[in-house]
Amino acid sequence: MEPIAVVGLTARLPGAPTIDAFWRNQRDGVESISRFSAEQLTDVGWPKEMITHPDYVPAAGVIEDADRFDADFFGYTREQAEISDPQQRIFAESVWHALEDTGHDPARFDGSIGVYAGCFANKYLPLNLLANARFRGSLAAFSARPYNDKDFLATRAAYLCDLRGPAMTVQSACSTSLVAIHLACQALLGHECDMALAGGVALPIPLIGGYPVVAGGIFARDGHCRPFDASSSGTVPGYGVAVVALRRLSDALADNDNIRALILGSALNNDGSSKFGFNAPSMQAQAEVIATAQAVAGVSAESIGYVEAHGTGTPLGDPIELAGLTQAFGTKERGYCAIGSAKANIGHLDAAAGAAGFARAVLALQHAEIPPSINYDAPNPALLLERTPFYVPTTARPWPRGATPRRAGVSAFAVGGTNAHIVLEEAPAPGPAAPGPREHHLLLLSARTPQALDDAAAALARRLESDDDLHLADVAHTLQVGRRAFAHRRHLVCRDRAEAVAALRAPAAPGAAGPRRSVFVFPGASAHRPGAAEEVYRSEAAFAREVDHCADLARPLLGDDLRALLLPTTWNGSRTAPGRGDGSTGTDPRATALAAFTLQWALARLWQSWGVQPAAVVGDGDGEYVAKCLAGVLDLPDALAALARARTSADPSPAGTGAGAFADVLREAAARPDHVLLVMGPADRLARALTRQEDTRHLTALPSLGSADTDRADLATLLDTLGTLWQVGTDIDWDAVRGTARPRRVSLPGYPFQRSRYWIGPDTGSYEPLGLEEASWTSR
């Protein structure tokens with residue numbers, strides 16, 4: 001089968017609000033299990049008789065701010081947010097972040113995007129909402145189901161993020177999210193969608209808490225999960241969410257996506273009844289699903305260097321899992337494949353466990369490093385580890401490439417017997433970069449609120465400071481094409497990361513975008529200065545084509561090449577001009593006029609190629625020739641010929657109308673506050689003229705080139721104006737702006753959600769101690 005590319009990854013996991021923090025914790029061997037005081041547990045509603053019970057363990061892997069949500073971002077009212085299961089809320093935020101991590105804005109994505117995901121049992125509705133009299137007596141009680149039921153997890157995210165592919169909730173207990181990833185791969189291979197998001201979320205209620213140690217249960221008495229260790233007594237609950245974005249490899253390569261890893265094959269099965277109980281695992285079924293996934297992937301077991309195991313740390317489950325793995329691998333090689341489990345660090349995330357383990361394996365491949373297995377001192381003797389292909393790494397270690405690419409397996413097994421296994425391979429080496437000719441880069445940021453915009457700028461500055469591998473061309477491209485454009489915007493133009501960081505940390509006056517229409521202003525030969533557009537000519541192919549075309553048309557009129565005047569350094573330095581080639585065109589007034597015409601015409605055509613279309617055009621002096629040509633009154637050869645004749649006879653404009661008509665047009669534009677003046681050249685003279693006229697003072701004049709009295713590069717000025725146009729609401733064709741360059745999409749900080757607490761609790765402030773009256777509750 002065609003490999004599936006992992007092009008996006010996001011998570012909120014215990015001790016890790018981001019996927020990068022999750023990897024740091026895994027690499028550094030951090031245990032993110034929290035232990036709670038009796039006061040903390042009582043405050044969130046745990047009954048005193050439970051938390052003081054000798055068999056209650058006050059430990060779990062929890063996440064911060066699970067009761068908070070950015071309701072405004074998703075268009076929720078306060079009531080809608082308050083009656084919504086926190087699992088639906090944080091899953092929607094994570095889907096948005098996963099989309100951003102791909103570098104694709106779904107509004108501009110060429111194809112359909114599907115969602116496959118599952119969640120832990122909904123506890124918010126029965127334990128919180130239905131235990132609240134105000135809620136029960138409100139009309140909101142009649143509309144709460146779609147905000148709480150599992151059925152609506154995936155479809156709610158698809159609705160909030162406007163995703164048009166298949167959306168389905170997947171439920172298979174502990175293997176839910178890995179099953180969801182498998183189904184997403186099948187949907188991509190069957191062309192049911194062109195990108196698929198898959199994952200899971202688990203948020204029990206209350207949002208912090210411990211667990212009872214039940215006779216025959218899976219939870220550890222000491223509050224630590226110790227996969228494969230001799231002293232392990234079980235697992236620990238974990239809370240959180242993980243979402244992965246997937247594409248067919250061919251599509252990901254075509255779009256220069258950030259490929260983190262490849263899925264080579266996957267498989268599902270069920271234990272059936274060939275085991276001693278419904279809750280028990282089946283060694284044979286686990287072996288079969290692993291072997292099937294390897295067969296689908298077409299790889300040998302000897303080529304797999306790491307397995308992210310289900311690894312619950314239970315005395316029964318670990319030996320059965322290792323026996324199944326050993327049978328599936330079917331090799332006589334011993335001790336060559338590392339084995340580990342994220343559950344040691346973050347606990348067992350139930351429906352989200354498979355996606356969390358998947359993320360750990362993907363990151364290990366991406367960083368070419370095998371993370372340590374913590375809480376491990378000596379192997380469980382029942383594993384017979386020395387007779388298997390596996391070893392348990394206790395320290396982080398480099399993962400060298402062997403005769404084959406690095407490969408990993410990921411397992412998830414569930415109570416009820418639905419088993420999943422996925423075979424991963426490291427991402428293909430990226431193709432050679434094809435950087436564009438620009439020395440400056442335009443970075444864009446937008447948000448729904450001013451505070452979120454400030455937070456986004458700060459987060460990007462931190463990333464640029466900390467990641468030496470980021471190239472500004474890739475960052476600029478990702479921000480231009482891979483982010484939704486919201487109302488509050490800012491932009492910056494920079495040459496290197498140091499400039500970018502300084503600009504991002506400087507105070508800014510962002511503008512709220514609104515519909516703006518551009519008036520193209522052609523200032524005529526009076527604004528011409530030789531060499532003004534050399535950098536633009538070298539970097540912008542669309543501009544250079546128009547200059548070259550005008551030069552060819554003007555050559556018979558001048559007997560020389562006007563590029564010798566327009567581009568003296570570029571044309572006379574590295575290239576030889578036709579004709580005399582000595583720059584003598586500079587003494588001919590026709591040449592000056594035609595060079596100015598060419599410059600302004602080429603700038604106008606460049607703006608149009610970028611998607612900036614004029615609502616009106618106006619020319620000052622012989623700039624009228626350019627305006628009439630762009631408006632279709634004159635064609636290009638006739639306009640150049642007419643201007644040459646006019647300069648010979650010293651007639652400055654086609655109708656002799658030199659300043660009255662120009663002022664009239666400016667006054668008309670001033671009467672329309674949604675207009676902006678886009679000058680095809682420097683704008684300083686026009687800006688000074690506007691300040692002298694009361695009725696045009698509020699007009700904005702934006703330059704296409706820098707003025708003679710500034711040391712700012714002309715390309716920087718051009719890009720700054722492009723950013724300003726975007727900032728005030730102009731739609732830009734960013735693919736055209738990219739030109740022939742092939743920048744990559746890169747992983748950048750996600751949207752800084754502005755979260756507030758939305759919570760309805762039970763009237764009593766505490767939860768019923770279910771099961772305490774039953775003797776089977778305790779292990780004593």
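Strands here are DSSP runs of E, at least two residues long, numbered from the N terminus. The model on screen is predicted.

**The whole chain**

Start with everything shown. The protein chain has 28 helices and 26 strands. Its C-alpha trace spans about 110 × 65 × 40 Å along the principal axes. Of the 780 residues in the chain, 57% are buried.

**Stop 1: Ser 446**

Select residues 441-447, which form strand β19, and find Ser 446 within that strand. Is Ser 446 buried or exposed? Its relative accessibility is 13%, and buried means under 20%, so Ser 446 counts as buried. Now add Phe 486: this residue is 40 residues away from Ser 446 along the chain, yet the two C-alpha atoms are separated by 5.2 Å. Leaving aside residues up to four places away in sequence, Ser 446 touches Leu 453, Arg 484, Ala 485, Phe 486, His 488, Arg 489, Trp 726 and Tyr 751.

**Stop 2: helices α15 and α17**

Next select residues 450-466 for α15 and 497-505 for α17. The two axes come within 9 Å and cross at roughly 155 degrees. The helices are therefore roughly antiparallel to each other, and their crossing is left-handed. On the α15 side, show Ala 457, Leu 460, Ala 461, Arg 462, Leu 464 and Glu 465; on the α17 side, show Arg 497, Ala 500, Val 501, Leu 504 and Arg 505. These residues make the contact. They divide into 7 nonpolar, no polar and 4 charged.

**Stop 3: helices α19 and α24**

Move to residues 541-558, helix α19, and residues 636-648, helix α24. Their axes lie 10 Å apart and the packing angle is about 45 degrees. This pair is therefore oblique, with a right-handed crossing. From α19, the contact uses His 549, Cys 550, Leu 553 and Leu 557. From α24, it uses Leu 636, Pro 637, Leu 640, Ala 641 and Ala 644. The division in this contact is 8 nonpolar, 1 polar and no charged.

**Stop 4: helix α11**

Select residues 283-297. This is helix α11, with 15 residues, reaching 21 Å from its first C-alpha to its last, close to the 21 Å expected at 1.5 Å a residue. Which residues of α11 are buried? They are Ala 285, Gln 286, Ala 287, Val 289, Ile 290, Ala 293, Gln 294 and Ala 297. To see what these buried residues pack against, add β11 (261-270), α12 (317-329), β17 (407-413) and β18 (418-426). Just after the helix comes Gly 298, which has a positive phi, near 70 degrees.

**Stop 5: backbone details in three loops**

Go to the loop between α8 (153-161) and β7 (167-169), where Asp 162 is found. Asp 162 is not a glycine, but its phi is positive, about 55 degrees. Asp 162 is partly exposed, with a relative accessible area of 43%.

Asn 256 is in the loop between α10 (249-254) and β11. Asn 256 is also a residue other than glycine with a positive phi, about 55 degrees. At 16% relative accessibility, Asn 256 counts as buried.

Finish at Pro 206, in the loop between β8 (195-202) and β9 (211-212). What kind of peptide bond joins Ile 205 and Pro 206? The bond is cis, with omega about -5 degrees.

Conventions
Residues numbered from 1 in each chain as written. Predicted model: local features only at pLDDT ≥ 70, side-chain atom pairs only at ≥ 80, totals over all residues. Heavy atoms only, no water. Helix = DSSP H or I, 4+ residues; strand = E, 2+ residues; numbered from the N terminus. Expected span 1.5 Å × (residues − 1). Buried < 20%, exposed > 50% of the residue type's maximum accessible area, 1.4 Å probe, protein only. Contact = heavy atoms within 4.5 Å. Axes fitted to C-alpha atoms, helices over the stretch in contact; angles between N-to-C directions. Parallel < 35°, antiparallel > 145°, perpendicular 65-115°, else oblique. Left-handed = near helix turned anticlockwise from the far one by under 90°. Nonpolar A, V, L, I, M, F, W, Y, C, P; charged D, E, K, R; others polar.
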